[in-house]
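Here is a short report on one protein model. It moves from a helix and its contacts to the cores, the aromatic rings, the backbone and the cysteines.

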Amino acid sequence: MIIGFSHLTWNSAFVERDISKFKELGYESVFDEKELENNYSKKDLLASYSAKHDIKLLKRSDSYDIEIINHHSKNMNVQNRLFYSDSMMTILIPSGCFAKEIDFWCGLGFKESGNCLRLSRPVKTWNLDISFVSTEQDLVEQKLDLQGFTSIAFIVKDLALFKSKLINKVIWISEIFTLEVNEQKMDILLFKTPSGVIIELIEVLK
């Protein structure tokens, strides 16, 4: 099951520039990890695979955590599906698969709340509001090394069971792999929703 929301992921080839912009909005750096292994099972989600990547985590008390990643990629395309403003995540969905996408997120535990879907958990920072917008415009295929917001991460338990339930509902899914970040080991699973949005699931290991 999903325990709660973890963070939004922002990929950047210009890390210091983008961090400066987030700091102007009140974010502070929590940790900085360089040259982490970029697991090979992520290769299909990258336009240009590199064996290493860098991660920085930014926090603001009244907003969602943002993980800044540099995949050391040559991909300079900018994503045009995920947007964040005023505590609301907006996701553009191709009109032909809008209903199926909404059903999928409801299956993850989101529920209708006004004009959005909400993941509601006992801890405030674990909640997430998403506004899904149907569009006819051309949308860039989602890759982890596009510039800008590229994925949404959630904390889960029993990741292997979660994967078994997802396999027939998603269009792509990775292997489960282990990563150590900020002295914490965790198992990671990545997948693409029915319309191609990239989701990261994290199980923290004791």
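The model is predicted.

**Helix α1 and D18**

The side chain of D18 makes a polar contact with the side chain of W10, at 2.9 Å. A second polar contact, of 2.7 Å, joins the side chains of D18 and S12. W10 and S12 are also the residues in contact with D18 once its neighbours within four places in sequence are left aside.

Where does D18 lie? D18 is in helix α1, which covers residues 15-24. Is D18 buried or exposed? D18 has a relative accessible area of 4%. That value is under the 20% cut-off, so D18 counts as buried.

D18 has buried company in α1: V15, I19 and F22 are buried as well. Seen down the axis of α1, the buried residues fall within an arc of 100°, so they line one face of the helix. E16 and E24 are exposed on the other side of α1. The buried residues of α1 pack against three strands: β1, β3 (52-59) and β4 (66-70). Just after α1 comes G26, with a positive phi of about 100°.

**Helix α3**

Helix α3 spans residues 159-166, and its L159, F162 and L166 are buried. These residues cover an arc of only 55° around the axis, which puts them on the same side of α3. What do the buried residues of α3 pack against? Their partners include helix α2 (98-107) and the strands β1 (2-11) and β10 (148-156). β11 (172-173), β13 (184-192) and β14 (198-204) are partners too.

**Nonpolar cores**

The largest nonpolar core has 40 residues. Which members touch the most other members? They are I91, W105, I152, F154 and L201. Strand β10 gives the most to this core, with 4 residues.

Take I91 as an example. Not counting residues up to four places away in sequence, I91 touches R81, L82, W105, I130, S131, F132, V133, I152 and V197. Another core, of 18 residues, lies apart from the largest one. Among its residues are L45, M186, L190 and I202.

**Aromatic pairs**

How many aromatic pairs does the structure hold? There are 13. Two of them are set out here.

| Pair | Geometry | Centre to centre | Angle between planes |
|---|---|---|---|
| F5 and F154 | edge-to-face | 6.2 Å | 75° |
| W105 and F110 | edge-to-face | 5.3 Å | 85° |

The pair of F5 and F154 links distant parts of the chain. F5 is in strand β1 and F154 is in strand β10, 149 residues apart. Both F5 and F154 are buried. W105 and F110 are both buried too.

These four residues belong to one aromatic cluster, along with W10, F22, Y27, Y64, Y84, F132 and F149. W10 is thus a cluster member and a polar partner of D18. F22 is in the cluster and is one of the buried residues of α1.

**Backbone between β5 and β6**

Most residues other than glycine have a negative phi. D86 departs from this, with a positive phi near 55°. S87 does too, with a positive phi of about 65° although it is not a glycine.

D86 lies in the loop between β5 (82-85) and β6 (88-94). S87 has its place in the loop between β5 and β6. Their accessibility classes can be set side by side. D86 counts as exposed, at 73% relative accessibility. S87 is partly exposed, with a relative accessible area of 33%.

**Cysteines**

How many disulfides does the count give? It comes to 0 disulfides. A disulfide needs two cysteine sulfur atoms within 2.5 Å. Why does C97 not form one? The closest cysteine sulfur, in C106, is 15 Å from the sulfur of C97, too far for a bond. C106 is in no disulfide either: its nearest cysteine sulfur, that of C116, is 11 Å away.

C97 is buried, with a relative accessible area of 19%. C106 counts as partly exposed, at 32% relative accessibility.

Terms used. Residues numbered from 1 in each chain as written. Predicted model: local features only at pLDDT ≥ 70, side-chain atom pairs only at ≥ 80, totals over all residues. Heavy atoms only, no water. Buried < 20%, exposed > 50% of the residue type's maximum accessible area, 1.4 Å probe, protein only. Helix = DSSP H or I, 4+ residues; strand = E, 2+ residues; numbered from the N terminus. Polar contact = N/O pair within 3.5 Å; in protein donor to acceptor, adjacent residues only side chain to side chain. Contact = heavy atoms within 4.5 Å. Arc of directions from axis to C-beta. Core = buried A, V, L, I, M, F, W, Y, C linked by side-chain atoms within 4.5 Å. Phe/Tyr/Trp six-rings, centres within 6.5 Å; stacked < 30°, edge-to-face > 60°.
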